[in-house]
Amino acid sequence: MRDRRVKSNRAQADYFELLLCQYICHKHNIRFAYSKNLAELSNKILELPNGKKRLKAQNDNLIKLAPKIDKILEFEISRKGKIIEVLWVGRKLIIKTTSDVDVEHCTHKFTKFSVKSIFKTGLGTIKNLGMRSIKKYLGIDFKKDYDKMWEELKKYLGMQNDTRNKIKQKVLRNKKLLKWATKNGKKYQKKLNNLCFKAFNSLPNERKVEFLNFILDANDPDLYVIIVNSRSVVIYKPNERRVKYQQKIEAKDNTQVGYTIYIDNIPTYRIQTNATNGIGISPFCQRVFF
């Protein structure tokens, strides 16, 4: 069920991104190239018990967002020229970006949107930090510990020669195995969290600033972040929220599975250290929230 929820949430996110693409295309007389993708995602969501309700929520979110998108694009067109193409970045693009929808102008400049459409309330995740990012910015290589965790799981299951994907599927289908894997994974989760907590506070201030601006995608002047939920629409440009070198930055409130980053003694970002599927048989990551 957990795996199914993850997939359904991803489908809803993709569906909303494509709704936004379609809206911009129709508004500016551009060919919409993703009709098949949109139909497939719609059918996938409708398979859920409350699928119709979820589709309606995403469509309602677009209605709320539309006037604000119009104003943004009107401004960007005045600077970059008319729109010639709308690209759905999706999850298969190799380029490292948090942009979900890229609007190309006739000057070959772009307006980019990182989109979060939330079924109920909340602001969603700012960024998911994988092990590569943690290694690059915090200097932590957790591969040996991660491999050790897998070896312990293989030994417990007696599946030494099976693939990780096969092991994962077996564990997900068995409550007893899942409980053991989750419990075993927690000690590694706590270890990685404590390593990250200490590593962040050990960084010189300029490296902390660099790391936070990476998390925010503050180095991209063309990027807008859009958050739509059942109550409101929030839009901001990360480039205008850059963390400054003179600010005091410190990680506090270590809970063993997360901590808070304070800027000038104000709690600003919450870090959650976990496995991507919430169990100890997936690559560890850190999720960053406001």
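**Why these words? Helices, a serine and a sheet**

Mentor: In this predicted model, helix 5 passes helix 6 in a left-handed crossing.

Trainee: Which residues of helix 5 and helix 6 make the contact?

Mentor: Helix 5 gives Tyr146, Asp147, Trp150, Leu153, Lys154 and Leu157. Helix 6 gives Arg164, Ile167 and Val171. Six of these residues are nonpolar, three are charged and none is polar.

Trainee: What makes helix 5 oblique to helix 6?

Mentor: Look at the angle. The axes of helix 5 (residues 143–157) and helix 6 (residues 164–172) cross at roughly 60° and come within 11 Å. Roughly parallel needs an angle under 35 degrees, and roughly perpendicular starts at 65. The crossing fits neither, so helix 5 is oblique to helix 6.

Trainee: Why is serine 133 called buried?

Mentor: Its relative accessible area is 19%. Buried means under 20%, so serine 133 qualifies. Serine 133 lies in helix 4 (residues 131–138). Beyond its neighbours within four places in sequence, serine 133 is in contact with Leu138 and Phe214.

Trainee: Now the sheet. What makes strand 1 and strand 6 edge strands?

Mentor: Five strands form an open sheet, in the order 1-2-3-5-6, with mixed pairing. Strand 1 (83–88) and strand 6 (233–236) each pair on one side only.

Trainee: How do you know that strand 1 pairs with strand 2?

Mentor: Count the bridges. Pairing takes at least two. Five bridges join strand 1 to strand 2 (residues 101–105), so they pair. The two run antiparallel. Isoleucine 83 stands opposite histidine 105 in strand 2.

Technical notes: Residues are numbered from 1 along each chain as its sequence is written. This is a predicted model: local features need pLDDT of at least 70, side-chain atom pairs count only at pLDDT 80 or more; totals for chains, interfaces and linings use all residues. Side-chain values use heavy atoms; hydrogens and water are left out. Axes are lines fitted to C-alpha atoms, for helices over the stretch in contact, and angles run from 0 to 180 degrees between N-to-C directions. Helices (H or I, at least four residues) and strands (E, at least two) are DSSP runs, numbered from the N terminus. Angles under 35 degrees count as roughly parallel, over 145 as roughly antiparallel, 65 to 115 as roughly perpendicular and the rest as oblique. A crossing is left-handed if the near helix is turned anticlockwise from the far one by less than a right angle, and right-handed if clockwise. Contact means heavy atoms within 4.5 Å. Ala, Val, Leu, Ile, Met, Phe, Trp, Tyr, Cys and Pro count as nonpolar, Asp, Glu, Lys and Arg as charged, and the others, Gly among them, as polar. Buried means under 20% relative accessible area, exposed over 50%, partly exposed in between (1.4 Å probe, protein chains only).
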